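Please look over the following model with its overall build, its nonpolar core and one helix pair in mind.

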Amino acid sequence: MISFALSLVALFVGYFIYGRFVERVFGPDERPTPAVSKADGVDFVVLPSWKIFMIQFLNIAGTGPIFGAIMGAQFGPVAYLWIVLGCIFAGAVHDYMSGMLSIRHGGANLPEIIGDYLGNKTKQVMLVFSVFLLMMVGVVFVFSPAKILGNMWEPSFFVDNFGQYSFWIIIIFVYYIIATMLPVDKIIGKIYPLFAFSLLFMAAALMVMLFVKMPHIPEVWEGLGSQSPLTSAPLFPCLFITIACGAISGFHATQSPLMARCMKSEKMGRPIFYGAMITEGVVALIWATVAMFFFYNEPTPGSQMIAGGAEAVNDAPSVVHIICNDWLGVFGGILAILGVVAAPITSGDTAFRSCRLIIADFLRMGQHTLRHRLTICIPMFLCAIALLIWQMGDAKGFAMIWGWFGWSNQTLSVFTLWAITVYMVRHRKPFVITFVPAIFMTAVCTTYLLSVKVFSIGAPYTYLIGVLSCIISATWFGLWYRKYSKN
């Protein structure tokens, strides 16, 4: 528990010290924001800062800092290092800079920003890549909350005639369609802060229980350098793909423009973008610690102390359900489950909303009228439903989508970090703060693609690929920087 306490302190210190430094580097000012200059009553709407923070936090959270942290905890206490260092120096910087660049570019979506700094060809690739990722987010975040709710209650008629979890999948999809097309302040602006409170309450309650129970779990200095008995996957790069939300996630850069279109002042950026990411890191840290109690508590792992725990070791949603009910009681368990269910649902609907806006920008189709929104939403949701049906029909469908989602999510963060680095160079700012994370995540994603998704090669070759990725990307950037400096 010493590692957990130190990690919590480090996240808060990181927000106040490094977050303030990053803010000074960017230099927010008093220029009119898109929410003011482009107000349209649909997507460009001024909202209170506290409400934007809660929505941003809920949008980026999803099940990532919960399920990802639980699965990442299987690698042992080294997960603490990635959550803390990744969140402060990579994820929060990534979220803040992408959100602020969206404001400076009139509320532009991520492909537009990447195109401005990495070229039109990269923009076209990122447009397709972003739409594909957002569709996968929507589909993944339908199934996981539907599974949790279906395990609690589901009408037998739907189970018998349409299959397990079908009732909740239909309910969630209907909600997605409504929320995606309505103005941002109608549903998102009104109920999302309540869901965010549920998620934060769950995390705070579990943190209190951790300090009450004081479980005997491994410390960081005890678990470094040893292979976890719970997973055979290599630490590098798998840990850095497994724990995305809570450390760094490219999906966040698709969500930041939604809130960039609602901010009245640029100076709200640090608490909203950087602060929401730090808050997500705290949630991930809490769940990683809870999972370590579940997996590694001494002398008896928590999974063997709680009814049904032994069968749920490899099932993150079941771990959530078991822990919340055992630690928080009925009332606390209900609020906790509400937070866990609401987080992916709300991330899913904002993923579809971002997808609609990205497609609309590409087609240069204004979104003021319902007809224009329907023109994009109908084919978009038909494709999502087809992907969901395939996933449910294939026993390995969910695992396959989740695996590619994890890689594509982190790959999107790579392109975002490189675009921000180019921006920093062009504006004579200290680009090293995004250059180093960009190099590292390039190595992670390249290594994961070649060694895990394509070839099953040994650790020595995996590390060699990672080193070569760093050298090649650094050389490429160095050549561009030299040419740019001369011009």
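Of the 487 residues of the chain, 60% count as buried, where buried means under 20% relative accessible area with a 1.4 Å probe and protein chains only. This is a predicted model, in which local features need pLDDT of at least 70 and side-chain atom pairs count only at pLDDT 80 or more, while totals for chains, interfaces and linings use all residues. Residues are numbered from 1 along each chain as its sequence is written, and side-chain values use heavy atoms, with hydrogens and water left out.

**Overall build**
- The chain has 20 helices and 0 strands, taken as DSSP runs (H or I, at least four residues, for helices; E, at least two, for strands) numbered from the N terminus.
- Its radius of gyration, taken over C-alpha atoms, is 22 Å, which agrees with the value near 23 Å for a compact globule of 487 residues, the rule being 2.2 Å times the number of residues to the power 0.38.

**Nonpolar core**
- In the largest nonpolar core (buried Ala, Val, Leu, Ile, Met, Phe, Trp, Tyr and Cys residues joined through side-chain atoms within 4.5 Å), which has 165 residues, M97, Y274 and W287 touch the most other members.
- Helix α15 (residues 269-296) gives the largest share of this core, 20 residues.
- Beyond its neighbours within four places in sequence, Y274 is in contact (heavy atoms within 4.5 Å) with residues including Y15, Y18, I88 and Y96.

**Helix pair**
- Helix α1 (residues 2-16) packs with helix α6 (residues 78-104) at about 5°, their axes 10 Å apart, the axes being lines fitted to C-alpha atoms over the stretch in contact and the angles running from 0 to 180 degrees between N-to-C directions.
- α1 is therefore roughly parallel to α6, a term for angles under 35 degrees.

Terms used
Buried means under 20% relative accessible area, exposed over 50%, partly exposed in between (1.4 Å probe, protein chains only). Angles under 35 degrees count as roughly parallel, over 145 as roughly antiparallel, 65 to 115 as roughly perpendicular and the rest as oblique.
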